[in-house]
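Hi everyone, thanks for coming along. Please take a moment with the picture, and then we'll walk through a few spots together.

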Amino acid sequence: MFSRLRYSVALLRAGRTLAAYDGLLTPEQLRQLPWSARLGLSVAKLGTKRPNTSGSSAVAEALSSLGPSYIKLGQFLATRPDLVGPHRAFELKALQDRLPPFPSDVAKQTIRDTLGADVSQIFSEFGPAVAAASIAQVHKARTVEGQERAVKVLRPGVGKRFAADLGSFYFAAQLIEQFSSEGRRLRPVAAVHMLEQSMKQELDLRMEAAALSEMAQNSAGDPGFRVPKVDWERTGRDVLTTEWIDGIPIADVEEIREQGFDLVTLGDTVIQSFLRHAIRDGFFHADMHQGNLFIDRAGNLVAVDFGIVGRLGPKESMFLAEILYGFITRDYLRVSKVHFEAGYVPREHDPAVFAQAIRAIGEPIMDRPANQISMARLLTQLFEVTAQFDMQAQPQLLLLQKTMVVVEGVARTLNPGLNMWVTAEPVVREWIERKLGPAGKLEGFTSSMGRAFISLPSMLEDARRVTTMLSDMAATGGLKLSSETTEQLARAQSQHARWTRIWLALCAISLAVIAIKLTV
């Protein structure tokens with residue numbers, strides 16, 4: 001009960017902060033709100049100081065003012081236009097995860113506590129922060145052996161702050177699912193869980209080191225792509241040390257051209273590398289914006305900052321590959337059937353009607369010029385159409401779609417004439433042929449048989465235990481409750497319901513304010 005009250009207060013505080021930013025809503029949007037919503041906003045703003053901001057950046061500034069957790073929440077909601085609407089999701093893409101750096105002395109103390117040695121014993125040089133964000137900041141250093149390193153240090157206290165805010169996020173998501181049928185379809189609780197898992201990885205820098213190591217192993221044979229090597233000896237929970245990448249930022253197109261690198265080839269590498277990682281490995285860099293990509297002296301694409309990664313299971317990887325291949329070949333009925341086979345669209349719908357809706361998405365873009373074909377926009381429209389057929393939101397696919405939007409934008413800065421279908425086709429076709437060809441079928445069959453054989457003893461033991469339990473219940477007449485126990489449960493339920501009505505009213509007010517500000 002007390003935790004619910006605490007979450008309610010936290011949501012009310014966030015709602016008041018958002019309400020204070022008048023620039024979040026235009027006068028026209030305010031007029032379109034029902035009178036009760038306008039009244040709620042007016043009440044929420046009582047006693048607040050109006051910040052000086054512009055309407056274009058109000059939502060970003062409002063979330064930034066609420067702290068690191070809300071910055072991450074805003075970045076996550078930018079990947080969920082189904083939750084906050086396309087307009088608000090677009091605005092949230094401008095949310096920059098930049099904060100003033102904390103003192104170098106604090107960073108050195110964190111390194112000392114994590115690695116068990118003074119910084120001077122580990123590094124011969126340790127410079128000021130070169131980049132600072134809500135979770136950590138990066139320093140350039142040199143080891144005593146003379147090797148240049150990038151040292152990422154966790155921001156002090158950020159873990160406790162996120163843990164405190166996470167409870168209110170879950171609480172709000174549960175209320176949405178409890179009182180909204182559309183909310184249950186969009187699965188906000190699953191979305192918050194995904195945010196939690198992502199943040200757990202970001203808050204333990206050993207997980208980012210492991211992600212770098214896994215990506216290096218997966219992509220060892222990939223042409224033109226690599227990641228920094230991890231310095232495990234100088235890495236711990238709050239400190240990550242990698243090789244320093246002395247490359248050209250991918251945003252500096254003119255410098256890349258002057259160095260003689262082929263921009264068309266690099267654009268293809270960006271797209272094909274991402275698709276290989278997502279479809280082939282089921283593991284991809286989920287924050288591939290320009291600031292995290294460099295071109296090294298050998299012309300390789302180098303990706304850094306693996307704090308946010310995405311994973312697709314075998315079913316999701318095959319789902320993505322078959323969807324893309326279906327659009328490439330214009331086999332819309334196959335794209336439709338893939339949705340049904342994956343269990344994403346309920347069986348009561350007609351696959352042929354769903355294929356018709358998909359055709360309405362695919363055909364208008366097929367004959368357009370190359371620079372007007374957007375695979376990311378196609379997937380966005382596809383996910384919007386699936387809502388009409390009661391498809392539950394799949395957070396892992398939405399994260400992939402958001403990343404693809406970013407990756408496609410990066411590739412087009414290098415090659416504005418990039419043809420997405422021509423670039424993607426070899427990667428997708430290779431994966432389809434590998435998995436659906438004779439060798440792939442045999443591999444899947446032998447793997448399934450092996451798993452079934454290994455799990456057979458535990459299955460037999462489970463069956464024996466269930467049989468014994470059912471026999472015992474039948475012999476004793478089943479589970480019974482005394483009248484005294486029943487009365488105690490009824491009294492507890494009545495008392496609980498009275499308190500529930502109170503905190504539900506408080507939360508309804510705060511949630512209404514937050515929802516209005518983020519979705520209108």
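Let's begin with a question: where is Arg-330 found? Look at the loop between α16 (314–329) and α17 (332–341), and there you have Arg-330. Before I go on, please keep in mind that this is a predicted model.

Now, what sort of phi does Arg-330 have? The value is positive, about 60°, although Arg-330 is not a glycine. As for its surroundings, Arg-330 has 35% relative accessibility, so it counts as partly exposed.

There is another residue to put beside it, and that is Asp-305. Asp-305 sits in the loop between β9 (301–303) and β10 (309–311). Its phi is near 60°, again a positive value in a residue other than glycine. Because its relative accessibility is 30%, Asp-305 counts as partly exposed.

Glycines come up as well. Gly-67, just after α4, takes a positive phi of about 110°. Helix α4 itself covers residues 58–65, and its buried residues are Ala-58, Val-59, Ala-60, Ala-62 and Leu-63.

Next, the sheet. In what order do its strands come? This is an open sheet of 4 strands, and the order is β1-β2-β3-β5, with antiparallel pairing. At the edges are β1 (123–132) and β5 (239–243), each of which pairs on one side only. From one strand to the next, the twist averages 25°.

Let's cross the sheet strand by strand. Between β1 and β2 (residues 136–143) there are 6 bridges, and these two run antiparallel. If you want a pair to find on your screen, take Phe-123, whose bridge partner in β2 is Thr-143. Moving on, 7 bridges join β2 to β3, also an antiparallel pair. Here you can look for Ala-141, which stands opposite Arg-149 in β3. The hairpin of β2 and β3 has 4 residues between the strands, and in it Gly-146 takes a positive phi near 95°. The last step goes from β3 to β5, which run antiparallel and are joined by 5 bridges. One pair to find there is Ala-150 with its bridge partner Thr-242 in β5.

Is β3 mostly covered or mostly uncovered? Strand β3 (residues 148–154) is mostly covered, with 6 of its 7 residues buried.

Over to the helices. Helix α12 runs through residues 188–203, which is 16 residues, and reaches 22 Å from its first C-alpha to its last, close to the 22 Å expected at 1.5 Å a residue. Several residues of α12 are buried, including Pro-188, Ala-191, Val-192 and Met-194.

How do two packed helices get described? We use the angle between their axes and the distance between the axes. For α12 and helix α13 (residues 205–218), the angle is about 95° and the axes are 4 Å apart. The two helices are therefore roughly perpendicular to each other. On the α12 side, the contact is made by Gln-201, Glu-202 and Leu-203, while α13 brings Leu-205, Met-207 and Glu-208. Sorted by type, the residues of this contact are 3 nonpolar, 1 polar and 2 charged.

One more stop, and it's a histidine. His-277 has its place in helix α15 (residues 263–281). Buried or exposed? His-277 counts as buried, because its relative accessibility is 2%. Leaving out residues up to four places away in sequence, His-277 touches Met-215, Ser-219, Asp-222, Phe-225, Gly-282, Phe-283 and Phe-284.

That's my tour, and I'm happy to take questions.

Key: Residues numbered from 1 in each chain as written. Predicted model: local features only at pLDDT ≥ 70, side-chain atom pairs only at ≥ 80, totals over all residues. Heavy atoms only, no water. Buried < 20%, exposed > 50% of the residue type's maximum accessible area, 1.4 Å probe, protein only. Contact = heavy atoms within 4.5 Å. Expected span 1.5 Å × (residues − 1). Axes fitted to C-alpha atoms, helices over the stretch in contact; angles between N-to-C directions. Parallel < 35°, antiparallel > 145°, perpendicular 65-115°, else oblique. Nonpolar A, V, L, I, M, F, W, Y, C, P; charged D, E, K, R; others polar. Pairing = 2+ DSSP bridges.
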